[in-house]
Each structure stands twice: as C-alpha cells, then as structure tokens.
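Open the model in your viewer and keep the selection panel at hand. This tour goes stop by stop.

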Amino acid sequence: MEKYSVSGMSCAACQAHVEKAVSRVAGVTSCSVSLLTNSMSVEGTASEDDIIKAVTDAGYGASRLGAEQKSPGMREREKALDDTELPAMKKRLAYSAAVLLVLMYFSMGHMMLGLPVPAVFENHVCLGILEMLLSLIVLFINRKFFTKGFGAVLHGGSNMDTLVALGSAASFGYSLAALFSMAYAMGEHDMAEVERLSMNGMWFESAAMIPTLITIGKTLEAYSKGRTTDALRGLMRLAPDKATLLRDGKEVVVDIGEVKVGDIFAVRAGESIPVDGIITGGGAAVNESALTGESIPVDKTVGDTVSAATVDQSGYIVCRATGVGEDTMLSKIIKTVYDAAATKAPIARIADRVSAVFVPCVVGISLLTLAGWLIAGSGFTAAFTRAVSVLVISCPCALGLATPVAIMAGSGLGAKNGILYKTASALEMCGRTEIIALDKTGTITCGAPRVTDVIPLSGCTREELLRAAYSLESKSRHPLAAAVSGYCAGQGIEADDITDLRELAGNGLSAVCAGRKLCAGNERFISQHCALSEDIGKRAGALSGEGKTPVFFSADGKVIGIIAVADAVRDESPQAIAELKALGIEVVMLTGDNAVTAQAVGRKAGVDRVFAGILPDGKERLIRELQKYGRVAMVGDGINDAPALTRADIGMAVAAGTDIAADAADVVLMKSLLTDVPAAVRTSRAVIRNIHENLFWAFFYNIICIPLAIGLYQLIFSWNFEMKPVIGAAAMSLSSVTVCLNALRLNLFAVHDGRSDRPYKRRGKSVIPADILPEDKKEDIKMQKTITIEGMMCAHCEAAVRKALEAIDGVNVSEVSHEKGAAVVETAGNVSDDALKKAVEDKDYKVVSIA
C-alpha cells in the first residue's frame, strides 16, 4: 500500500471525486482518501506518476509520502497533521470581517438605520458602486471558494465550494444587474424605480456575507478537526530530539537521527528514553504511560527492554539500542493510529455514496426551485432568493466529516489507553462483536506455572517442606521445578547442599540431604518410594480437579507435603470476562490443554464455554464454526494463535505475546491486560454511537433545511417565513462545526468504566449450541488428548499401544511412554474416548483416564 498527501480538498464531494479519479487508473485495485488527514492510500500496480496525474487532472494536488520507504516517516506524518489551515483561515476571516463591517454600515446601517454617510453616497448609484467594490474585495479575499468550486466543475466534478461560489456569484450578478438598472432608471429620472431597486434589488452584502459566514464555519471546523488529532500529535511530540551516546567512555549528545542499532546510550533520572533498547547497566523506575496508559512506573534492570518516549523517573541506566527511527515501538504505535485514520470504516460508505451525487442534486433542486416559484407566479426576486438559499444552506461537509472525525478521536483515545486499532474497520467491527474466543495460556492465565498451594503433611512444618523442596528443585530444569524454586527464593528460603541427585525425566527426582533421602515428583513416582494414604490421594485429586498439578515430596519413605503448581488465572481475568458478559458477549475459551485443567480454569475465570485439547489448526476451524452464530473476536498471544486471529472477524493480540500474533491481529493490547478487551469493545461502541449521531445530524440537517429553503413549509403550513441566503450560509457553517464538536466528546469517554454497559443486539442465534460441531465437521477439528495407561513395562508395550491407537481412523499418536505411563494423541473431533479406551484395553492394558 502506497501513501500520498492530497491537497485542495474541502469537503466530502472532493474526497469522493479524488477516489473516483484514482480508482479509474489502470492497475489500481483500491483507493481510500481521508479528508481529515488529507491523505490517500492506494493499492495496486499503478505507477506513482499515473496516480499523481489522476489527482492533478481532477483539480487537486498530490505527493508521495515517504518516497524512500513504504510508509511515511514520523516527521512526515506530523507535517501532514500540522494545522496550516487554521492560521490561514483566521487571517482570511479577519480581513473579510473588517471589510464586511464597512459594507454592512453602508448597506444596512445607512439604508435601514439612517446612520450618517458622506454626502456623495446619498446618491443610490454611488452607494451601489461602493457596495459593489467592497463586496468584490471580500470575494477576492475568499477567492479560494471560486477557484476550487468552479475549478472542480471544469474537471468534471463538484464540491461544497461549488455551492458557495454559485450562491455568492448569483447574488453578486443579480445585484450588479440591479445596479445597472438603477443607473439606467436614474438617467431616465425614474426615482421610484431607483428607490425600489435600492431597497430590494441589490444584495452585495449577501454576496459578501455568504463566503464570510462560511469562512467562520470553516475556521471553527478547522479548529475542531485539529483537536481530534491532538492525541496523535501528542504521541509524535513524545519522541526526544537528542540522545546521550557513550563513545570511548565519554558522553556525547547527538541528534536522535544519528543513533544506530547497537549504539550504547545513557539515560539519567527525569530524561526520556530516546530509542528502544536493552539495559546493559544500572536500573531505573520507568514510566511507560506514553505507550501503555499505565501510570505506575515499572522497575527495570539489566536485561530488561526499554522503549522510546518512556521516562526514567529514578536511577541511571546504560542501554544498547535495538530499535531506532521507524523501528521503535512509539513509531509503530503512531503508524498504526495514523493508518487507521487514513482508512475507512464500513459505515462511512453510506456518506460516500450520498456525497458523490449530493452537489449535482442540490444544483438541480436550486434550478427547480427557481423555475417552480416563477411558474407559481412568484416574483423573480423571491424565486431567486429561494434558489440561492438552497445552494448555500446545503452542506456535504457534515456528511464527509461524520465518520473520519469520530474515527480519529476514537483511535487517539484507544492509543492513550494502550489499545491500538490497526484500521477504521477494526475500530467499528470491534464494537459489533457477539462472541469472544479467548486463548487460555498467556491470555486468561499468566502463561507460566506458579505455586498456588503449599500443604505440609506428617508433622512437617511449612518452612521445612519449602527448604526440602528448594534443595531438590533448584537442581532441576523442569518448568514445574523452576516454579517451585522461584517461589521458595521469594519466600526467603535457603537451599541445603545435596548429593547423589537422580532425575527420572517426566516423573521426579531424588537426592540425599543431611543423611536423609528426599524425593519429589508425581503421584506415580512418589508411590514407588512410600505409601500414600487415602486422605493424601483425595487431597491430590481435589487439586487436580482445580486444574493444578500436585508435586509430592517425601523424606526417608514418608510423605512430608504437597506443593501445587498451576498456570494461575490472571487477577483481572474474572473481572474482564464479567464485563464482557455485561456487554452481552458470549465468552468461550480455547486451549490445547486437557479437559480437566481447562474446565477448572474456565470455572474460575467465568467463561461460558470451554473447548479443550484444541490444536492450532483446530482453533482456526472452530472459529469458523463459531462465526455461524455471530461475529467472533479472537484474543491470543502466541504463534499458534495466528491462524485463528486471522480467521476471526476481529483478532486481538496482547503486546507481551509474539510479533507474529501482533501482525495477524486487528487490535493490539499494549498493556497485555485482559480488562483492555472490554475496554476496546466499549471504545468501539462509543465511536459507533458518535458516528450514528453525526450521520443523523448531517442527514437531518439537510432533510429539514433544504425544504425550508425551497419554501415547502410555507406552502404546506402557510408559514410567513422566507429563508434568506445569509441565514442559509450561517446554518451551513453550523452543521459542520456541530459534527466536529460532537466527535470531540469522545475525548471525555472513560474506556474502563463499565457502569453504563449495555448488551449489543445479537445477529442470528443467541446461544452457541452445546454440540457446536455437526458430525460431518467434527473430523476437521484436531484435539490433543493424554491417555493414562497402566501395565506398560517396555518398548514393546509402547509399540503395541501405538499400533492399536493408530489403527483408529483420525488418530495420530504423538508419544507413548511406559516410563510416564501415558500416551499423547491427536484426534479428530469425531473420535470418542470410548473408542480410544477400547483400542488400548483390547491389548490387555488398563486405561486409567483420558484428558
């Protein structure tokens, strides 16, 4: 996708005209133009010259953004968002208002209020000439309306400026004709006609006031549009301009552009970190609120990563640069928000279709209004007034701004809170989600085993149990051993020296400590070294039922305790899932773990449905089935989640996960907190509501005001009211400002406040059926199961079990181990546990469990 900057656009019709012109270029497959960011995204094989020529031929300007790279740089993006429009508007408005006030003094102050003027202007023709000259000055100051408006017509298009130019030019032309008529009447000494024309025939003040009032509206609109991009500009300004590099043992301050990957830089307390890097020396408390929205500083030490624009609040650190320029996390966030604003939400298509034909229709309605009132017997002046009012009161700007200002404000709001929407479509569709599928490991849970229970037995104290456990497990590299060792170290426990360490892979380990034989391992391993009572077995079973793994410890043939380890549910997961349910979303959990563990985690987290033993390709197929019952969002963090993230209507990735998951996702959660999932949905729904309000106002305004300008209400309700062009111009300006101000309300939205949550109206079936997979689809879903088997003694037993299981259609055997007493298989969804059990037991082995 190539990015271009487009100049000269003023309304939705301009946007539609540029899109139409570029879409006609051979080789262009898609084109999206953003009126808000004055940018254009083009996909296809068309050359840069052809695209720029198409835009130029349409009457606008274009230039490539980031000519040396595929995406615009940070400075280019900031330049594209620079408010060059507002200062020019203010100057234009000041000059126009100054001249208009003089014109109003002569045209209305003298004529209506009798204010004094030089004697020469008591002559109506002289006064008319002065008014004409003053109005010409105002029209010249606002000549852009005429050059753009009539220029668009010459290039086969039309826009808002066309309506303003036509209305103002018609008023000026009519007034000029009246002035010539007045001069002729005065030459004929027809003073009655001169008086009539001076009171009713000259609209020079209207011709000048129309562009001036529109300029007032455009100035307020430019200010409001600028405010919607404040969040994005604020992110851009976070990037430091200087960096302190360490060269030959000395600190050298350089421009940020001189920093290269591998350079060593230093950061003192109170300074912003210039680029992404890894700490190689020192430690600091780093405030990462600029990237994650989390205000609590994070302690960083050697080996930890730091990101550009975060602030060192205390401490001195030395870092090695790993990401500079466009490769920093800050630049990637800015690119995501900028690109999202440059894309279009599906809801914007309604406004686009209307905008494309709006101006020609308004011109046609204006001509019909003139003809209709003339046919009805109205005077030319009254008919002409209404025709001009139709031109100036119609507003395509509000239609064009309704969606992009809300998208920009919503994207900025999300970025400030650590939620990145990659496209406008993602921002819209996120709020329409009806089913959310959550990956278990690393999303609902912490992603690493942690100690959950410490149960001393046989008179052993807690400290004695932990000391024995630490002495044994500190020598093992097993993940469960690492969890136990880390916990003991955190409790301040000291390990004793051990000898004669023996480790049986997948089962346990033993060693001698202070003359005692210590053992640690699973139930099967410990039972070979000591007797397990029924009470201990029940305790272990209860822990297993909660999704925890019990690790047994014994000393000299006596069980001294159990330490349970599990991939614990994140503290915020139950709250996040409860909030999703309050939003009317059904929550399901997908995992490759066994059913017992998965169900335990699912109960604790509070999900509606649990799908266990699902392999990566199975997750993608299951998402496909879930989509039959509603719009599905998938939340994951690993490489194995990427296919499902891509398949889902909306993919959400936590930033702490893999880059592949983040690339496959539509939304990235920078804080890696599950509570940001309902926040993302909440933000999206607020944006959708705002867009609906904006579109309602834009359509409602035109539906109400155009008939008012035509005079239909006067005919139907006998109202004694005639719309003046000046009032129409003021109303036109107000409509665009209202849309922009309404979008600014999003900046006040609290994304984590769920007190006003309401369910979204579901599409299709409201409940996922208990058996979601039809029989003919079950074979598409691969599941992983662990079969615990008693009786296997050697490699020949393993071969017999493997052969029996592989004889079942749809079963693939991953591992069979007589040492572990288990077989791990991948099965199609239509393979029952009974079929697996029968195959093994037919070979005279006993199946204890299948999970």
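In which helix is the place of Ser366? Select α13, residues 348-375; Ser366 is there. The model you are viewing is a predicted one.

**Stop 1: Ser366**

Show the side chain of Ser366. Ser366 has a relative accessibility of 5%, so it counts as buried, the limit being under 20%. Now display what Ser366 touches beyond four places in sequence: Ala387, Val388, Val390 and Leu391.

**Stop 2: the nonpolar cores**

Next, select Val18, Val22 and Met40. In the largest nonpolar core, which has 68 residues, these three touch the most other members. Then color helix α14, residues 380-393; with eight residues, α14 gives the most to this core.

Go back to Met40 and show its surroundings. Setting aside neighbours within four places in sequence, Met40 is in contact with Glu2, Lys3, Tyr4 and Val6. Val18 and Val22 are also among its contacts. So are Cys31, Ser32, Val33, Ile51 and Val55.

There is a second, separate core to pick out, with 46 residues. Select Ala402, Ala426, Leu438 and Ile444, which are among its members.

**Stop 3: the six-stranded sheet**

Switch to cartoon view. Six strands form an open sheet in the order β6-β5-β7-β13-β8-β11, with antiparallel pairing. Which strands stand at the edges? They are β6 and β11 (305-306); each has a single partner strand, so one side of each is left without a neighbour in the sheet.

Start with β5 (residues 242-247) and β6 (residues 250-255). Six bridges pair these two strands in the antiparallel sense. Select Ala243, and you will find Val254 of β6 opposite. How many residues lie between β5 and β6 in their hairpin? There are two, and Asp248 in the turn has a positive phi of about 55°.

Now move to β7, residues 264-267. β7 runs antiparallel to β5, and two bridges join them. Pick Thr244; Ala266 in β7 stands opposite.

Further along, select β8 (residues 276-282) and β13 (residues 317-323). Their pairing is antiparallel, over six bridges. Label Gly282 and its bridge partner in β13, Ile317.

**Stop 4: helix α19**

Select residues 462-473. This is α19, a helix of twelve residues. From its first C-alpha to its last, α19 reaches 16 Å, close to the 16 Å expected at 1.5 Å a residue.

Which residues of α19 are buried? Show Leu465, Leu466, Ala468, Ala469, Tyr470, Ser471, Leu472 and Glu473. Then add the elements that the buried residues of α19 pack against:

- the helix α20 (479-490)
- β16 (450-456), β18 (508-513) and β19 (516-521)
- β20 (549-555) and β21 (558-566)

**Stop 5: two cysteines**

Select Cys446 and Cys740. Cys446 has 30% relative accessibility, so it counts as partly exposed. Cys740 is at 0% relative accessibility and therefore counts as buried. Do not look for disulfide links here: the structure holds zero disulfides.

**Last stop: the whole protein**

Zoom out. The protein has 33 helices and 30 strands. Of its 851 residues, 54% are buried. Among contacts with a separation of 6 or more, 70% join residues 24 or more positions apart. Turn on the surface to finish. Its accessible area comes to about 36500 Å², and carbon and sulfur atoms account for 56% of that.

Note on methods. Residues numbered from 1 in each chain as written. Predicted model: local features only at pLDDT ≥ 70, side-chain atom pairs only at ≥ 80, totals over all residues. Heavy atoms only, no water. Core = buried A, V, L, I, M, F, W, Y, C linked by side-chain atoms within 4.5 Å. Buried < 20%, exposed > 50% of the residue type's maximum accessible area, 1.4 Å probe, protein only. Helix = DSSP H or I, 4+ residues; strand = E, 2+ residues; numbered from the N terminus. Contact = heavy atoms within 4.5 Å. Pairing = 2+ DSSP bridges. Areas by Shrake-Rupley, 256 points an atom, 1.4 Å probe, with all protein chains shown as cover. Expected span 1.5 Å × (residues − 1). Disulfide = S-S within 2.5 Å.
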